[in-house]
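Please look over the sequence and the structure shown here, and keep both in view while reading the points that follow. The briefing deals with charged side chains that pair up and with a pocket.

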Amino acid sequence: QVHLVESGGGLVQPGGSLRLSCAASGSIFSIYAMGWYRQAPGKQRDLVASVTSEGGGAYTNYADSVKGRFTISRDNAKNTVYLQMNSLKPEDTAVYYCGAAIGAFDSDNVLRRHDYWGPGTQVTVSS
């Protein structure tokens, strides 16, 4: 079983900063990708940023709305991904979810890739 736990959300004024963390734990063989998504009330869940492991490198991807303001990073030794959010705007208000594509051995001892989600953390940008 694999679990994702987010931390670091809260209330911040416009122009402020927050740092989100997401730690993966459990029977992990390999982490293929980790990312942050957000969902505002009445809207769909959208990708904010992701980091993918491929060919020995790490590739990042950002939503256009956060480019230049948010930075995603990953600590492979800790199975943790971070999202540094600067110059926050009221429109960044949402529940932020950590998602990960993780390879783990199932009960039949076959390695499979599964997608996991954290419970979410609220980010509110308001004066």
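In this predicted model, Lys67 and Asp64 are both exposed, and their side chains meet in a salt bridge with an N to O distance of 3.1 Å. As background, side chains of opposite charge can pair when their charged atoms come close. The count of salt bridges in the model comes to five, and the points below take up two others, which involve Asp92, before turning to the largest pocket.

**Arg38 and Asp92**

- Arg38 forms a salt bridge with Asp92, and the closest N and O atoms of this pair are 2.9 Å apart.
- Because Arg38 belongs to strand β4 (residues 30-39) while Asp92 sits in the loop between β8 (80-85) and β9 (94-105), the pair ties together parts that are 54 residues apart in sequence.
- Arg38 has a relative accessible area of 15%, and since buried means under 20%, Arg38 counts as buried.
- Asp92 is buried as well, with a relative accessibility of 0%.

**Arg69 and Asp92**

- The side chain of Asp92 also meets that of Arg69 in a salt bridge, where the distance from N to O is 2.8 Å.
- Arg69 is found in the loop between β6 (57-62) and β7 (70-75), and Asp92 in the loop between β8 and β9, so this pair links parts of the chain that are 23 residues apart in sequence.
- Arg69 and Asp92 are both buried.
- Through salt bridges that share partners, Arg38, Arg69 and Asp92 are joined into one network.

**The largest pocket**

- The volume of the largest pocket is about 190 Å³.
- What lines this pocket, and which residues lie nearest its centre? The lining is made up of 13 residues, and those nearest the centre are Arg38, Ala40, Lys43, Asp46 and Glu91.
- Arg38 therefore appears in two parts of this briefing, as a buried residue that is a salt-bridge partner of Asp92 and as one of the residues nearest the centre of the largest pocket.
- Strands β4 and β5 (46-54) each supply at least two residues of the lining, and the largest share, three residues, comes from β5.
- Sorted by the character of their side chains, the lining residues divide into five nonpolar, four polar and four charged.

Conventions. Residues numbered from 1 in each chain as written. Predicted model: local features only at pLDDT ≥ 70, side-chain atom pairs only at ≥ 80, totals over all residues. Heavy atoms only, no water. Salt bridge = Lys/Arg side-chain N within 4 Å of Asp/Glu carboxyl O. Helix = DSSP H or I, 4+ residues; strand = E, 2+ residues; numbered from the N terminus. Buried < 20%, exposed > 50% of the residue type's maximum accessible area, 1.4 Å probe, protein only. 1 Å grid on protein atoms, 1.4 Å probe; cavity = no way out; pocket = protein on both sides within 12 Å on 5 of 7 lines; lining within 4 Å. Points joined across faces, edges and corners; volume = space filled by probe spheres on them. Nonpolar A, V, L, I, M, F, W, Y, C, P; charged D, E, K, R; others polar.
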